[in-house]
Amino acid sequence: MQPTSAAFKQRSRQAIANPVLQKALQNIRPGFQQKRAKAVAQLPEFEALRDEARDLKNHVLAHLDVYLQRFEAKVQESGGQVHWARTAGEACDAVLGICQAAGATLVTKGKSMVAEEIGLNSRLEAAGLTVVETDLGEYIIQLRHEMPSHIIAPALHLTKTEIAAAFMQAHVDLPADRPLDEPRALTDEARLMLRQKFLGAQVGITGANLLIAETGSTVIVTNEGNGDLTQNLPGIHIVVTSIDKVVPTLEDASTILRLLARSATGQEFSAYTTVSTGPKRRGDMDGPDEFHVVLVDNGRSSILGGPTQDVLRCIRCGACMNHCPVYAAVGGHAYGWVVPGPIGAALDPGMIGLEEARHLPHASSFCGRCEEVCPMRIPLPKIMRYWREQTFTRKLDPASARYGIGAWAWLARRPRLYHWTTGLAARTLGLLGGRRRRFKWLPMAGGWTAHRDLPAPEGRTFLAQWRAEEKRRARAGAP
Amino acid sequence: MSEARTAVLGEIRRSLGRPEVDREREAAAAERIAAHPRGLIPARTDLGQEGRVRLFIAMAEQVAATVARVGSMADVPAAVADYLANLNLPPHLKVAPDPLLDAIDWSARPLLEVARGGAAPEDEVGVAAAFAGVAETGTLMLASGPGAPTRLNFLPDTHVVVLRTAGIVGPYEEAWDRLRAMGAMPRTVNMITGPSRTGDIEQQIQLGAHGPRRLHIVLVDTPDA
Ligand code: SF4
């Protein structure tokens, strides 16, 4: 997928001014935060499980080559095939090759962030295939020709009114006066429309939440059941996934599954967790005749072993974005790539390049909520800080910011001069602030004063006030 | 694609600073997989068998499944017929050709129209058997096989699952052990926790997105439980 992350600032401004988006974003608190808090409270072992999952994934990453080979051998043993892909292009080639060899014309797809990452749909469509997204949220954004704005709720940025309009426009065979104002009616209509697709497709593509080395299985976690219809009805099942998803055993998968649904949707467990191993067996009544796993690297192996390796522990639960004040203000599209929010800010520079993604690590107030909720204990703020430093040392930020930071750093290393300068500034601003003690405008602070007044300082810096207070206490004989 | 394979594995090893062939690490991984040690298991399933059965029922009901507990397999037709009648649902069953279900004498409830086999798009009620029920979260475990078509779990609007109380285990890990004891990994293992649902429209939960709109569990007491 072509990233547009470099336009983050401009898109954020548009997002904040978009009333529909702002209304939709209000659903995050009741829809995600409160449900997660409740589900976490019901499991006293939650914190200990986070530690275990972190250690488990660190172990796997340290031996990733070994576990991937074991996974591959087991897939082959059960009659499936593994296709390795260095890049997005190679991954798309592999999928397209399988579809073309089968003479497929209609492909159904379960939600897969890796498929979004590699831009699979446009590649298949360019080759003349019809691709139908079957996850309700993905189906909605496909009708609107948009990209997902959230990794587990792709249509989070929309309200039911926009969704109804998209359905009216797309489903022209249905009566134009049908009532479509409630989520129930919309859900039923999508169910009806997609049933025909499930039954007609020759290839079904899903992602994978986990890969199990022990058995060569792929695991998907869904609530709708679309992923199951996608992988069970067509003759060919292709799993598009990435190398960071492997775990050793079914037990290890269980540890992560205990965290995933709770962190994502606040459920004890998702409705459907499906473990798929190979094609259908002799005597089976249904299931695909072919099973393919496309294992995508696309930059992950280079992140491994480096200062941002911890992002590879991510299980794409979405909790960090659900608890991020920046995400809640601008939504997912502003980030300009498949993975938005705090994990996007930590991951995307390593995947699409720092040049393109340089604004994302700055889109943080460092409140630390993301790290607090991350089930895999990924130190997201620390990784964002790392990228910020890289932006500075690689001279990727604008000159004004560089000189500003450079000048501040020069000053900060000279404490006496620093205190003298800041003291002077505080006194000057204090005097200039006037009776209202606020600035409506200041040179070089337009980014701040365009949206709110800047309070004038009290005339003395904090340190100066502190010293004065110390002296006063000493005189008064206070401890 | 083997060129890509070599390159990806090579880059991983370079990043990790590992040699190409590393028998020691391979053996360690193989050992860990063979031992498949359990991680931390939530204490909520530290219960006797009857406690686990009750926990299973409570957890399943919490996610909008319904549960009918009956005394023996002979009571299953009545439980299914009553459930369908109460909801005014058509009494047309498509029953998986599972040995457990084959033993049921459906003629006890003559109004039930029973067909045996895999799922067709027009089937309204699917009846399947679960090999285990996980008390921890009220999760049914179904394995595909010659008598267990996976489609039956997803195509019909109403999903009825027969589970014996002897199949109820505490945590997932006990279900994996049972699965391993059954032999080679089946093509599909479905872990089912409540009926199909979606929150994709304004984060409001709707049941019956693409899979079954309702899930009814007939829990059969087994003497060996
Ligand atoms: S970084 Fe953590 S919280 Fe965010 S999506 Fe990944 S696992 Fe979830």
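What percentage of the 479 residues of chain A count as buried? Keep that question in mind as you open the structure, which is a predicted model, and select chain A as a whole: 58% of its 479 residues count as buried. While the whole chain is selected, notice that its C-alpha atoms fill a box of roughly 95 × 60 × 45 Å, taken along the principal axes, and that the chain has 24 helices and twelve strands.

**Stop 1: the domains of chain A**

Next, colour residues 43-298, which are domain 1 of chain A, and then residues 405-476, which are domain 2. If you place a marker at the centre of each, taken over C-alpha atoms, the two markers will be separated by 54 Å.

**Stop 2: an open sheet in chain A**

Now show chain A as a cartoon and look for six strands that form an open sheet, whose order is E1-E10-E7-E4-E2-E3 and whose pairing is parallel. Strands E1 and E3 (130-133) are the edges of this sheet, since each of them pairs on one side only. As you follow the sheet across, the twist from one strand to the next averages 20°. It helps to remember here that strands of a sheet pair through backbone hydrogen bonds, either parallel or antiparallel.

Begin at one edge by selecting E1, residues 81-85 of chain A, where four of the five residues are buried, so that this strand is largely enclosed by the rest of the structure. Add strand E10, residues 290-296, and you will have a pair that runs in the parallel sense over five bridges. Which residue of E10 is the bridge partner of A:Val82? Selecting A:Val293 in E10 will show you that partner.

Moving further along the sheet, select strand E4 (residues 203-206) together with strand E7 (residues 236-242), which pair in the parallel sense over four bridges. Within this pair, A:Thr206 stands opposite A:Val239 of E7.

**Stop 3: a helix with a kink**

Select helix H13 of chain A, residues 250-264, and turn it so that you see it from the side. Its 15 residues, at 1.5 Å a residue, should span 21 Å, and the distance between its end C-alpha atoms is 21 Å, which agrees. Even so, the helix has a kink of about 25°, centred on A:Ile256. Is H13 largely enclosed or left open by the rest of the structure? Because 15 of its 15 residues are buried, the helix is largely enclosed. Following the chain onward from H13, you come to A:Gly266, whose phi is positive, near 70°.

**Stop 4: chain B and its salt bridges**

Switch to chain B, where the domain assignment gives domain 1 as residues 1-35 and domain 2 as residues 45-220; the C-alpha centres of these two domains lie 41 Å apart. The next selections are about charge, and side chains of opposite charge can pair when their charged atoms come close. Over all chains, the structure holds 47 salt bridges, and three of the pairs in chain B are visited below.

- Show the side chains of B:Arg25 and B:Asp22, which meet in a salt bridge at 2.7 Å from N to O. B:Arg25 is buried, with a relative accessible area of 8%, and B:Asp22 also counts as buried, at 15% relative accessibility.
- Show B:Arg116 and B:Asp102, which form a salt bridge whose closest N and O atoms are 2.8 Å apart. This pair links distant parts of the chain, as B:Arg116 is in strand E3 (residues 113-116) and B:Asp102 is in helix H5 (residues 99-102), 14 residues apart. B:Arg116 counts as exposed, at 56% relative accessibility, whereas B:Asp102 is partly exposed, at 39%.
- Show B:Arg213 and B:Asp157, whose side chains meet in a salt bridge at 3.2 Å, N to O. Here the partners are 56 residues apart, with B:Arg213 in the loop between strands E11 and E12, and B:Asp157 in the loop between strands E6 and E7. B:Arg213 counts as partly exposed at 25% relative accessibility, and B:Asp157 counts as partly exposed at 29%.

**Last stop: a network in chain A**

To finish, return to chain A and select A:Glu47, A:Arg50, A:Asp51, A:Arg54, A:Asp55 and A:Arg377, which are joined into one network by salt bridges that share partners.

How values were computed:
Residues numbered from 1 in each chain as written. Chains lettered and ligands numbered in written order. Predicted model: local features only at pLDDT ≥ 70, side-chain atom pairs only at ≥ 80, totals over all residues. Heavy atoms only, no water. Buried < 20%, exposed > 50% of the residue type's maximum accessible area, 1.4 Å probe, protein only. Helix = DSSP H or I, 4+ residues; strand = E, 2+ residues; numbered from the N terminus. Pairing = 2+ DSSP bridges. Expected span 1.5 Å × (residues − 1). Bend = angle between axes of the 7 residues up to and from the residue. Domains from an automatic or database assignment. Salt bridge = Lys/Arg side-chain N within 4 Å of Asp/Glu carboxyl O. Axes fitted to C-alpha atoms, helices over the stretch in contact; angles between N-to-C directions.
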